[in-house]
Amino acid sequence: MSPPRQVSRTTDPLGAPSRRRQVGIFLFDQVKTLDFVGPAEVFTEANQRVDGYDVRFFSHDGQDVVTSMGLRVGVDAAAADSGPLDLVIVPGSESAPQVYRPEEVQTAVRLLAARAERVASICSGAFALAVTGLLDGKSATTHWKFTGALATAYPSIDVRPDSIFVRDGDTYSSAGVAAGIDLALAIVEEDHGADVARSIAQLLLVYMRRSGGQSQFSASVRAKPARTSIAKAVADYIHGDPTRAGSLADIAAHANVGVRHLNRVIRDELGMTPIQYVGSLRLDVALGMLEAGDTVGQVAAAAGYASPIAFRRAFAARYNTTPSEYQRRFRTTGVGVAEASLQTRSPLADPIDGAVSPR
């Protein structure tokens, strides 16, 4: 693990030297509240353990902003009055990428980034860094529902769609909403070490390192819906009996088409081979059973896998987590039952593992 990052001294309004890192968070109309409140709470909580951070909020003109939930939020100053920063954070918005297109917004982002040692985006805030050229030639991530649009609009960016957060040099990006807390914890660990970051995570009742990537949260966790009669026939064939060990020829015969035609139709419609589609359909059955509380052994047998081991391998390859972990996280909220005992144990054992090694 690399040593804690060295901090440059700044000066407070009375002229006294300060060892605190200056964190600037850029706010704008329609910003998503949790995208900036979550990271801000992490840095503020860190001050209970170390004299670590001053968190300040900026807008392009120093005026209040109204969040996506209608909350009016005051800021400390205009971006032009920020002074030097150790870190600037640009949160996301459901109105991305349009919300980052106004010239005054882009000017503020460029100005804050130029004054900061590190730049970070939360959720769709990646579009703000992209449109201002701050992600050119770099790796980055964003909320799963925006990853395709980001990759298409900015092909020079290496978009990592399954990452919770990505660090590329002094540029950071995170997936949506709560992933901003993950990123903030990672930055605290970088600045002050794993013990401090771990204690903050424990105080906030969050995991210091969550299992798997963001694909497990994605709407695309389910098999793509069939549109044509041929794809629907394949789906009906598998859902009718997931344990059926049909060959490609059997599937084509059920759809009343030839194998070559089946391959072409499924590839054109769903962007995958028929065998891959069958695999996604079986995983779709498995997800529903896991969420209903069935055991891994029951799921493997009912979803057509040769063994629980084969099922675990297929599941991990697709979702980057285990069936048991997925079930524990998504089966129920656990209100009023044993799962509500999170506060009685430490959820944190491992140091944060970033998605991309620094260059």
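Modeller: Two strands pair if DSSP finds at least two bridges between them. Helices (H or I, at least four residues) and strands (E, at least two) are DSSP runs, numbered from the N terminus. The model in front of you is predicted: local features need pLDDT of at least 70, side-chain atom pairs count only at pLDDT 80 or more, and totals for chains, interfaces and linings use all residues. Residues are numbered from 1 along each chain as its sequence is written, while side-chain values use heavy atoms and leave out hydrogens and water.

Biologist: How do you know that E9 and strand E13 (residues 171-174) are joined?

Modeller: Count the bridges! Four of them join E9 to E13, and the two strands run parallel. The rule asks for at least two, so E9 and E13 pair. You can find one such contact point yourself: Ser 121 has Ser 173 in E13 as its bridge partner.

Biologist: What does E9 have as a partner in strand E8 (residues 85-90), and over how many bridges?

Modeller: E8 and E9 pair in the parallel sense, over five bridges. Among the residues involved, Ile 89 is matched with Ala 120 in E9. Between these two strands the chain passes through helix H2 (residues 103-114), and this β-α-β crossover is right-handed. That word applies because, with the strands pointing away from the viewer, the path from the first strand over the helix to the second runs clockwise.

Biologist: In what order do the strands of the open sheet stand?

Modeller: Seven strands follow the order E7-E4-E3-E8-E9-E13-E12, with mixed pairing. Inside that sheet, strand E3 (residues 21-26) and strand E4 (residues 53-59) are parallel partners over six bridges, and Phe 26 stands opposite Phe 58 in E4.

Biologist: What makes E7 and E12 edge strands?

Modeller: Strand E7 (77-78) and strand E12 (165-168) each have a single partner strand, so one side of each has no neighbour in the sheet.

Biologist: Why is Ser 121 called buried?

Modeller: Buried means under 20% relative accessible area, exposed means over 50%, and partly exposed is in between (1.4 Å probe, protein chains only). Ser 121 has 0% relative accessibility, so it counts as buried. This residue lies in strand E9, where six of the seven residues in 116-122 are buried.

Biologist: Which residues does Ser 121 touch?

Modeller: Contact means heavy atoms within 4.5 Å. Leaving aside residues up to four places away in sequence, Ser 121 touches Val 90, Ala 126, Leu 129, Tyr 172, Ser 173, Ser 174 and Leu 183.

Biologist: What makes Phe 127 and Phe 146 an aromatic pair, and what kind is it?

Modeller: Rings of Phe, Tyr and Trp (its six-membered ring) pair if their centres lie within 6.5 Å; planes under 30 degrees apart are stacked, over 60 edge-to-face, and the rest tilted. These two rings are 5.9 Å apart, centre to centre, with 80° between the planes, which makes the pair edge-to-face. Phe 127 sits in helix H3 (residues 126-131) and Phe 146 in the loop between strand E10 (139-140) and helix H4 (147-153), 19 residues apart. With a relative accessible area of 3%, Phe 127 is buried, and Phe 146 is buried at 9%.

Biologist: And what kind of pair do Tyr 305 and Phe 311 form?

Modeller: Their centres are 5.1 Å apart and their planes 50° apart, which fits the tilted class. Both residues are buried. Ring pairs also link Tyr 305, Phe 311, Phe 315, Tyr 319 and Tyr 326 into a cluster.

Biologist: Is Tyr 319 buried or exposed?

Modeller: Its relative accessible area is 1%, so Tyr 319 is buried. Tyr 319 lies in helix H12 (residues 308-319). Asp 162 is 157 residues away from Tyr 319 in sequence, yet their C-alpha atoms are 8.9 Å apart in space.

Biologist: Which residues touch the most other members of the largest nonpolar core?

Modeller: A nonpolar core is a set of buried Ala, Val, Leu, Ile, Met, Phe, Trp, Tyr and Cys residues joined through side-chain atoms within 4.5 Å. This one has 64 residues, and Ile 25, Phe 26, Leu 27, Phe 43, Ile 89, Tyr 100 and Val 188 touch the most other members. Helix H5 gives the most to this core, with eight residues.
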